[in-house]
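Please look at the sequence and the structure below, then read the points that follow. They are grouped by topic.

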Amino acid sequence: MPGDSDDADDEYGYAKASVEDVSTVPNPTRVKKELDEALGVSEFGLNYYEADPGEDVPWGYHRHPEHEEVFLVLDGELTVETADGDYVVGAGEAFFVPADAPNKATVTGDVPARFVAVGAPKESDWAVISEECPNCGEETDRESEVDGDEYVLYCAECGAEVDRLLR
């Protein structure tokens, strides 16, 4: 019956996936599910997140030079730090980030958040992280490695450890 299959085997390539059945991919939030990959989407990114208070999305203050993004908050609250100030985005609200606009979202409030991030064009979803290093003072990208159940972030300029995030 149409609409009951998780396979894209019909004439047009329709696809359906259960969010619950999509595997969580490594990232600094409790749950990140790449729904675009599960569905075979080629033109835009679609990620589902569950994150606890204090968790950042993603690694830090960043920008996507050629990629627009929208956060749709389903439950909880995000505070999005931008070059123009902070925006609080609650359940039932959406927030648009233009291409090349710096931002960092953090789950705020007392409850976990569930939200969706949609971005396009998909092939331009790479990010430039730019935060001041507390060790050398330079505005640089971050490098990372996994240490047990944490991501360890290092300054790309001087190599100093700058943060640890639970994974």
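In this predicted model, Val146 stands opposite Tyr151, a residue of strand 14. The strands concerned are strand 13 (residues 142-147) and strand 14 (residues 150-155), which pair in the antiparallel sense over six bridges. The points below start with this hairpin and go on to a sheet, a core, a surface patch and salt bridges.

**The hairpin**
- Two residues lie between strand 13 and strand 14, and the two strands form a hairpin.
- Gly148 is in the turn of this hairpin and has a positive phi of about 65 degrees.
- Strands of a sheet pair through backbone hydrogen bonds, and the pairing is either parallel or antiparallel.

**The five-stranded sheet**
- Five strands make up an open sheet in the order 1-2-9-4-7, and their pairing is antiparallel.
- Strand 1 (31-34) and strand 7 (94-97) are the edge strands, each of which pairs on one side only.
- From one strand to the next, the twist averages 20 degrees.
- At one edge, strand 1 pairs with strand 2 (residues 45-51) in the antiparallel sense, over four bridges.
- Within this pair, Glu34 has Asn47 of strand 2 opposite.
- In a regular strand, side chains alternate between the two faces of the sheet.

**The nonpolar core**
- The largest nonpolar core has 15 residues.
- The members that touch the most other members are Val57, Phe71, Leu78, Phe95, Ala105, Val107 and Phe115.
- At least two residues of this core come from each of strand 2, strand 4 (68-75), strand 5 (77-82), strand 7, strand 8 (103-108) and strand 9 (113-120).
- Strand 9 gives the most to this core, namely three residues.
- In soluble globular proteins, nonpolar side chains tend to be buried together.

**A nonpolar surface patch**
- Phe44, Val70, Phe96 and Val118 make a nonpolar patch of about 290 Å² on the surface.
- One of these residues, Phe96, is found in strand 7.
- Is Phe96 buried or partly exposed? Phe96 has a relative accessible area of 42%, so it counts as partly exposed.

**Salt bridges**
- How many salt bridges does the count come to? The count comes to eleven salt bridges.
- One of them links Arg30 and Asp52, whose closest N and O atoms are 3.2 Å apart.
- Arg30 is in the segment before strand 1, while Asp52 is in the loop between strand 2 and strand 3 (56-63), so this pair ties together parts that are 22 residues apart in sequence.
- Arg30 is partly exposed at a relative accessible area of 37%, and Asp52 is partly exposed at 27%.
- Asp100 and Arg63 form another salt bridge, with the closest N and O atoms 2.6 Å apart.
- Because Asp100 lies in the loop between strand 7 and strand 8 and Arg63 lies in strand 3, this pair ties together parts that are 37 residues apart in sequence.
- The relative accessibility of Asp100 is 39%, which makes Asp100 partly exposed, and Arg63 is partly exposed at 29%.
- Arg164 also forms a salt bridge, with Glu161, and here the closest N and O atoms are 2.8 Å apart.
- Arg164 has 33% relative accessibility and counts as partly exposed, as does Glu161 at 41%.
- Arg30, Glu50 and Asp52 are joined into one network by salt bridges that share partners.

Terms used. Residues numbered from 1 in each chain as written. Predicted model: local features only at pLDDT ≥ 70, side-chain atom pairs only at ≥ 80, totals over all residues. Heavy atoms only, no water. Pairing = 2+ DSSP bridges. Axes fitted to C-alpha atoms, helices over the stretch in contact; angles between N-to-C directions. Patch = residues over 30% accessible without salt bridge, like charges linked within 9 Å, V, L, I, M, F, W, Y side chains within 5 Å. Areas by Shrake-Rupley, 256 points an atom, 1.4 Å probe, with all protein chains shown as cover. Salt bridge = Lys/Arg side-chain N within 4 Å of Asp/Glu carboxyl O. Buried < 20%, exposed > 50% of the residue type's maximum accessible area, 1.4 Å probe, protein only. Core = buried A, V, L, I, M, F, W, Y, C linked by side-chain atoms within 4.5 Å.
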